[in-house]
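Thanks for coming, everyone. Let me put the structure on the screen, and then we'll walk through it.

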Amino acid sequence: MTRYALRLASLAAALGLWQVLTAADVDLWLRFSQFPTVTDVAHAFAGRVAGPDYWTDLTDSLTRILTGFLLAAVLGVAAGVLVARSRLAEDLLGPVLEVVRPVPAIALVPVAILLFPSNEQGIVFITCTAAFFPVLVSTRHAVRALSPVWEEAVRTMGGGRGRILASVVLPGALPGIFGGLSVGIGVSWICVISAEMISGQYGVGYRTWQDYTVVDYPGVFVGMVTIGVLGWLTSTAVELLGRRLTRWLPRTSYVPAPRSARRARGTAAPAPALHATGPEVTHDQLV
Amino acid sequence: MTSSSDVRAPARRGAALALRGTVVGRPGAPVLHGVDLEVAPGEILAVVGRSGCGKSTLLRTLAGLLPPLAGQVAQDGRGLTGPSADRALVFQEDALLPWRTLRANVELPLAIGGVPRADRRAQAEAWLARVGLSDHARQVPHRVSGGQRQRAQLARALAPGPRAVLMDEPFGALDAQTRAGMQDLLVEVLHGTGATVVFVTHDVDEALFLGDRVALLGAGRVSAVREVPRPRDRTAHDDPARTALRRDILTSLGT
């Protein structure tokens, strides 16, 4: 509870500072005189929320980012598993991926314009490319780090490649994959907003840039706040889903419960006095 | 609930395992040469040796995970082509899938074997009951003790009714008292399955208690195979024949 109070207080303090600096038109090297105040932004926000454009922008941006991000998640996990599990795939895909990876996704705008018939598909392409590489790299590492014992266990049960993939590789790599997805959703936002600013029609990024060109500064801040809140919501959703799917991971908060159960069982276990010293002796002699 | 006869594996004969002139090891790194070993159906063969002598590698070869570098590995006279559900492998530790509950771990080999969902749930629960884990069926492995994890592994290995069980120091990481309890449990749950067992250990007393025969590994080969008098009999601990054999084994292991 106190932690939530602290978080709220931190947000409130930031807003309060903003209000004080802008309302007093402070000009100490940093110039706040042109800045809209919190109340200006709040009024603009209320106006926007009541109008239809705001919600169109919002759903447009969300559709773009979710489509791009989901595509990136599927492609990234598939490519990551393939490259980690197959030497042939590593040799065939590895060099291409490594050359494309350093190119910032937003630098692919010309490529997107040339490749795709509509802006919409171009923006999704850029968003997808941005999220693809973090997912790919973290999946590859997570799959390579899996304990070989799990795979051996499933193979000696008669399990084939498909079973190993479904029962060992994917669930085992999930914690790592979600690390990549968390990074990926953040990069996706950066790229979807940038791409909208450059070539979009509708969308939060497009609107923010439009407001800037017509010198509507409160409008610019409405856009920024919207981006911030949406980004925070989507990354929290990814985080929560990840935590839910990897609940099996050992966590320190789980410690108290098993400890008492273990002690109860320990005292109940049969302890044949006759044999109690035997194994220890030979163990010492052998090792 | 389910009667104990339901959890017994179908009355199948254990597998006969044989290595003939086998060289065992990873490619380019052989660890055992000229291995000639026959394991009779239903027999428990204990394999002892110092750590690093190739015990685990031998077991992985028998499982079919590692092809022999030379010679032959056969089950019932036919050469092995790869791993099979016929030969279950029990690992030293941490081989349960950590994201599955103990019950889901035991269900996995049954699912792979094509047992319908309702049946495999019942069978898994019956097996967990047999190894004393009914209360922990829905826990994930890291929430139970090391001994409980090994019991779950035992249930997972035996549930699909394998014809051979290959055990790689399954109790090696447990304390002495838990280990003795696990040995008794193993004898009890193996009863009636007819499965052939190859049990690798570095503990001579464990080998002498469990094994019908004991194979000694040393200096890159199988140095001896000895019959054990009165196997799986706790009171045979002081038997003169057993004591003499124990002394022999410890001497030949060079300790």
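One definition before we start. When I give an angle between helices, the axes are lines fitted to C-alpha atoms over the stretch in contact, and the angle runs from 0 to 180 degrees between N-to-C directions. Also keep in mind that this is a predicted model.

Let's use that definition straight away, in chain B. Take helix α2, residues 102-112, and helix α4, residues 146-158, both of chain B. Their axes come within 7 Å. They cross at roughly 25°. Angles under 35 degrees count as roughly parallel, and α2(B) and α4(B) are therefore roughly parallel to each other. The crossing of the two is right-handed.

Which residues meet between α2(B) and α4(B)? From α2(B), they are B:Leu102, B:Asn105, B:Val106 and B:Pro109. From α4(B), they are B:Ala152, B:Ala155 and B:Arg156. By class, this contact holds 5 nonpolar residues, 1 polar and 1 charged. Look at the spacing while you have it on screen. An α-helix has 3.6 residues a turn, so residues three or four places apart point the same way.

Stay on α2(B). Is this helix enclosed or not? Of its 11 residues, 8 are buried, so α2(B) is largely enclosed by the rest of the structure. The buried set is B:Leu102, B:Arg103, B:Asn105, B:Val106, B:Glu107, B:Leu108, B:Pro109 and B:Leu110. Note that B:Arg103 and B:Glu107 are on that list. What covers the buried residues of α2(B)? The cover includes α3 (117-130) and α4 of chain B, together with α8 (161-199) of chain A. Just past the end of α2(B), B:Gly114 takes a positive phi of about 85°.

Now the sheets of chain B. I'll take two.

The first one I'll show has 6 strands and is open. The order is β6-β7-β8-β3-β9-β10, with mixed pairing. β6 (87-90) and β10 (221-227) of chain B stand at the edges with a single partner strand each, so one side of each is left without a neighbour in the sheet. On average, neighbouring strands here are turned by 20° against each other, ignoring direction.

Zoom in on one pair from that sheet. Strand β3, residues 44-48, and strand β8, residues 196-201, both of chain B, pair in the parallel sense over 5 bridges. To find your place, look for B:Val47: its bridge partner in β8(B) is B:Val200. Then look at what lies across the sheet. Helix α7 of chain B, residues 240-252, lies across β3, β9 (213-218) and β10 of chain B. Helix α7(B) runs at about 15° to β9(B).

The other sheet has 4 strands, again open, in the order β2-β1-β4-β5 of chain B. Here the pairing is antiparallel. The edge strands are β2 (29-39) and β5 (78-79) of chain B, and each pairs on one side only. Strand β4 of chain B, residues 70-75, is joined to β5(B) by 2 bridges. B:Ala74 stands opposite B:Gly79 in β5(B). This sheet has a helix across it too: α1 of chain B, residues 55-63, lies across β1 (17-26), β2 and β4 of chain B. Helix α1(B) runs at about 120° to β1(B).

Over to chain A. How many helices and strands does chain A have? The count is 12 helices and 2 strands. Along the sequence, one helix is followed by the two strands, and then helices run to the end of the pattern. Chain A has 287 residues, and 32% of them count as buried. Of the contacts in chain A with a separation of 6 or more, 70% are between residues 24 or more positions apart.

Start at A:Thr2, in helix α1 (residues 2-23) of chain A. Buried or exposed? A:Thr2 has 6 C-beta neighbours inside 10 Å, so it counts as exposed. From A:Thr2 to A:Ala50 is 48 residues in sequence and 34 Å in space, C-alpha to C-alpha.

Last, two backbone points. Most residues other than glycine have a negative phi. A:Trp29 has a positive phi, near 65°. A:Trp29 sits in the loop between β1 (27-28) and β2 (30-31) of chain A, and is exposed, with 5 other C-beta atoms within 10 Å. A:Val215 also has a positive phi, about 55°. That residue lies in the loop between α9 (204-213) and α10 (217-245) of chain A. A:Val215 is exposed, with 9 other C-beta atoms within 10 Å.

Methods. Residues are numbered from 1 along each chain as its sequence is written. Chains are lettered from A and ligands numbered from 1 in the order in which they are written. This is a predicted model: local features need pLDDT of at least 70, side-chain atom pairs count only at pLDDT 80 or more; totals for chains, interfaces and linings use all residues. A residue is buried if 20 or more other C-beta atoms lie within 10 Å of its own, exposed if 12 or fewer, and partly exposed in between; C-beta atoms are placed from the backbone. Two residues are in contact if their C-beta atoms, placed from the backbone, lie within 7 Å. Angles under 35 degrees count as roughly parallel, over 145 as roughly antiparallel, 65 to 115 as roughly perpendicular and the rest as oblique. A crossing is left-handed if the near helix is turned anticlockwise from the far one by less than a right angle, and right-handed if clockwise. Ala, Val, Leu, Ile, Met, Phe, Trp, Tyr, Cys and Pro count as nonpolar, Asp, Glu, Lys and Arg as charged, and the others, Gly among them, as polar. Two strands pair if DSSP finds at least two bridges between them.
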